[in-house]
Amino acid sequence: MEKGDTETNYISKQLIRSSGSTKGTGYCQSSSAHPTKIRKNLKTGLFEVPNLYDISGSSNWFNKPDIGITFYRNYETKLSEIHVQKMKYNIWAVRVW
C-alpha cells in the first residue's frame, strides 16, 4: 500500500489491475476471499449465506468483478451450495469450458 492509501482504495486498485490483465485474452482470472464472521439466522439457528459485501476490507469485492459467486456449506442438508451473487454480462454470452 502506498503511504496514505486506504484499504478500500488499495483493494480497488488491485482488483482493477488483476482484471485488466486478462481483458481481451479469453482467459478468466479469479480471486478467493473469506467473509467476515458469518451471521446466524436467529429463527433457524443456521448460518446465513454470505454475500460479496461480507468480505472483509471493502465493498469493492462486489463492485469491481464481472462475476461474483459464493460457496456455502449447508449444515442442515449436508450439501455445499454455489450462489451466483453477481453476473455483469448475459449468462448466455459467457463461454464455459
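**Close-up views of a predicted model**

Thr70 stands opposite His83, a residue of strand β2, and this pair serves as an entry point to the views below, which are drawn from a predicted model.

**View 1. The hairpin of β1 and β2.** Strands β1 (67–74) and β2 (79–87) pair in the antiparallel sense, and eight bridges join them. Between the two strands of this hairpin there are four residues, and in the hairpin Lys78 takes a positive phi near 65°. A reader who wishes to find a place along the pairing can look for Thr70, which has His83 of β2 opposite.

**View 2. A nonpolar patch on the surface.** Five side chains are of interest here, namely Ile67, Ile69, Phe71, Ile82 and Val84, which form a nonpolar patch on the surface and together have about 510 Å² of accessible area. Both strands take part, since β1 and β2 each supply at least two residues of the patch, although β1 gives the most, with three residues. Phe71 is found in strand β1, and because its relative accessibility is 60%, Phe71 counts as exposed.

**View 3. Aromatic rings and the charges over them.** How many aromatic pairs does a search of the whole structure find? The search finds one, and it is formed by Tyr53 and Phe62, whose rings are stacked, with 4.7 Å from centre to centre and 25° between the planes. Tyr53 counts as partly exposed at 47% relative accessibility, and Phe62 is likewise partly exposed, with a relative accessible area of 23%. Phe62 also has a charged neighbour, for Lys86 lies over the face of its ring at 5.2 Å from the ring centre. In another such arrangement, the charged end of Lys40 sits over the ring of Phe47, 5.2 Å from the centre of that ring.

**View 4. The salt bridge of Lys13 and Asp5.** The count of salt bridges in the model comes to four, and one of them is formed by Lys13 with Asp5, where the closest N and O atoms are 3.0 Å apart. Are the two partners buried or exposed to some degree? Lys13 is partly exposed, with a relative accessible area of 40%, whereas Asp5 counts as buried because its relative accessibility is 16%, which falls under the 20% limit.

**View 5. A network around Arg39.** Arg39 forms a salt bridge with Asp54, and the closest N and O atoms of the pair are 3.2 Å apart. Both residues lie in the loop between α1 (7–20) and α2 (60–63), so the pair ties together parts that are 15 residues apart in sequence. Arg39 is partly exposed, with a relative accessible area of 43%, while Asp54 counts as buried at 13% relative accessibility. The view also takes in Glu48, as Arg39, Glu48 and Asp54 are linked in a network of salt bridges.

**View 6. The salt bridge of Lys88 and Asp66.** The side chains of Lys88 and Asp66 meet in a salt bridge, with 3.4 Å from N to O. This pair links distant parts of the chain, given that Lys88 belongs to the segment after β2 and Asp66 to the loop between α2 and β1, with 22 residues from one to the other in the sequence. Lys88 counts as partly exposed at 42% relative accessibility, and Asp66 counts as partly exposed at 23%.

Definitions and conventions: Residues are numbered from 1 along each chain as its sequence is written. This is a predicted model: local features need pLDDT of at least 70, side-chain atom pairs count only at pLDDT 80 or more; totals for chains, interfaces and linings use all residues. Side-chain values use heavy atoms; hydrogens and water are left out. Patches are made of residues with over 30% relative accessible area and no salt bridge: like charges are joined within 9 Å, nonpolar side chains (Val, Leu, Ile, Met, Phe, Trp, Tyr) within 5 Å. Accessible areas come from the Shrake-Rupley method with a 1.4 Å probe; for residues, only the protein chains shown count as cover. Buried means under 20% relative accessible area, exposed over 50%, partly exposed in between (1.4 Å probe, protein chains only). Two strands pair if DSSP finds at least two bridges between them. Rings of Phe, Tyr and Trp (its six-membered ring) pair if their centres lie within 6.5 Å; planes under 30 degrees apart count as stacked, over 60 as edge-to-face and the rest as tilted. A charge sits over a ring if NZ of Lys or CZ of Arg is within 6 Å of the ring centre and within 35 degrees of the ring normal.
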